[in-house]
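The following exchange examines the terms applied to a structural model and the values on which they rest. Each reply sets a value against its definition.

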Amino acid sequence: MKDEILEWVKTIILSLVIALIITTFIKPTIVKNYSMSPTLEENDFLIINRFLYKRSQPKMGDIVVFQSDLRTENGSNKLLIKRVIGVPGDRVFIKDGDVFVNDVLLKEEYIPENYTIGEVDITVPEGKLFVMGDNRGNSLDSRDPALGLVDFEKVMGKAFIRLFPLNKIQLLK
């Protein structure tokens, strides 16, 4: 009986250690809106790599999850998911529906309409990111002063895999 109890204690402790290690490096999250459609849809279940940006910085095209200063109904900070368009030193210029980064027109096959609303001309400062949703007509992102540029330290990680719905399981670019 004593040996069986010891085995149970070992199993529980090992399970807790494994769970702690996993949650240190990855974070599950569920998409709560349509701002990244068609790439991500509402209720998609994602795994976020929390470790990646401890060793490197986000790069253009990454899909990142970050904590914003916007508030949820219960008063906590809202988590948002967007695509990185500009990193420090990049000049982001949006005019007549086109997005340019460092004077190069972006080819964005992931957006449903090849048109981006708004006019922007900004050079991204150190420690910040310029982000936009793929659903440009329905995305609160860096084009809007309510959100603005995103601080590196608020980035929780990179979305790297969609696990649900099952027929759409895939690695995210």
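Q: How much space lies in the second largest pocket, and what makes it a pocket and not a cavity?
A: About 240 Å³ of space lies in the second largest pocket. On a 1 Å grid over the protein atoms alone, a cavity is a set of points where a 1.4 Å probe fits but cannot get out, whereas a pocket is an open set with protein on both sides within 12 Å along at least five of seven lines. Grid points are joined across faces, edges and corners, and the volume is the space filled by probe spheres set on the points. The model is predicted: local features need pLDDT of at least 70, side-chain atom pairs count only at pLDDT 80 or more, and totals for chains, interfaces and linings use all residues. Residues are numbered from 1 along each chain as its sequence is written, and side-chain values use heavy atoms, with hydrogens and water left out.

Q: Which residues are closest to the centre of the second largest pocket, and what makes a residue part of a lining?
A: A lining residue has an atom within 4 Å of a point. For the second largest pocket 14 residues line the space, and R50, Y53, K54, V155 and M156 are the closest to its centre. The elements that give two or more residues to this lining are α1 (2-25), α2 (52-55) and β11 (155-164); β11 gives the most, with three residues. Such elements are DSSP runs numbered from the N terminus, helices being H or I with at least four residues and strands E with at least two.

Q: What is the make-up by class of the lining of the second largest pocket?
A: The classes are fixed by residue type: Ala, Val, Leu, Ile, Met, Phe, Trp, Tyr, Cys and Pro count as nonpolar, Asp, Glu, Lys and Arg as charged, and the others, Gly among them, as polar. The lining of the second largest pocket accordingly has seven nonpolar, four polar and three charged residues.

Q: What volume does the largest pocket have, and which residues are closest to its centre?
A: The largest pocket has a volume of about 290 Å³. Its lining comprises 15 residues, of which T29, I30, K32, L79 and L80 are the closest to the centre. Two or more residues come from each of β1 (26-30) and β4 (77-86). By class, this lining has eight nonpolar, four polar and three charged residues.

Q: Which side chains of β5 are called buried?
A: Buried means under 20% relative accessible area, exposed over 50%, and partly exposed in between (1.4 Å probe, protein chains only). In β5 (residues 91-95), V92 and I94 point to one face and are buried, while R91, F93 and K95 point to the other and are not. In a regular strand the side chains alternate between the two faces of the sheet.

Q: How do you know that β5 pairs with β8 and with β6?
A: Two strands pair if DSSP finds at least two bridges between them. Four bridges join β5 to β8 (residues 120-123), and four join β5 to β6 (residues 98-101), so both cases meet the criterion. Both pairings are antiparallel. I94 stands opposite V120 in β8 and opposite V99 in β6, while F93 stands opposite D121 in β8.

Q: Why are β7 and β8 said to stand at the edges?
A: The open sheet of four strands has the order β7-β6-β5-β8, with antiparallel pairing. β7 (104-105) and β8 each have a single partner strand, so one side of each is left without a neighbour in the sheet.

Q: What makes D96 notable in the hairpin, and why is D96 called exposed?
A: β5 and β6 form a hairpin with two residues between them, and D96 in the turn has a positive phi of about 55°. D96 is a residue other than glycine. Its relative accessible area is 59%, so D96 is exposed.

Q: Why is the pair of F93 and F100 called tilted?
A: Rings of Phe, Tyr and Trp (its six-membered ring) pair if their centres lie within 6.5 Å; planes under 30 degrees apart count as stacked, over 60 as edge-to-face and the rest as tilted. F93 and F100 lie 6.1 Å centre to centre with 45° between the planes, which gives a tilted aromatic pair. F93 is partly exposed at 25% relative accessible area, and F100 is partly exposed at 22%.
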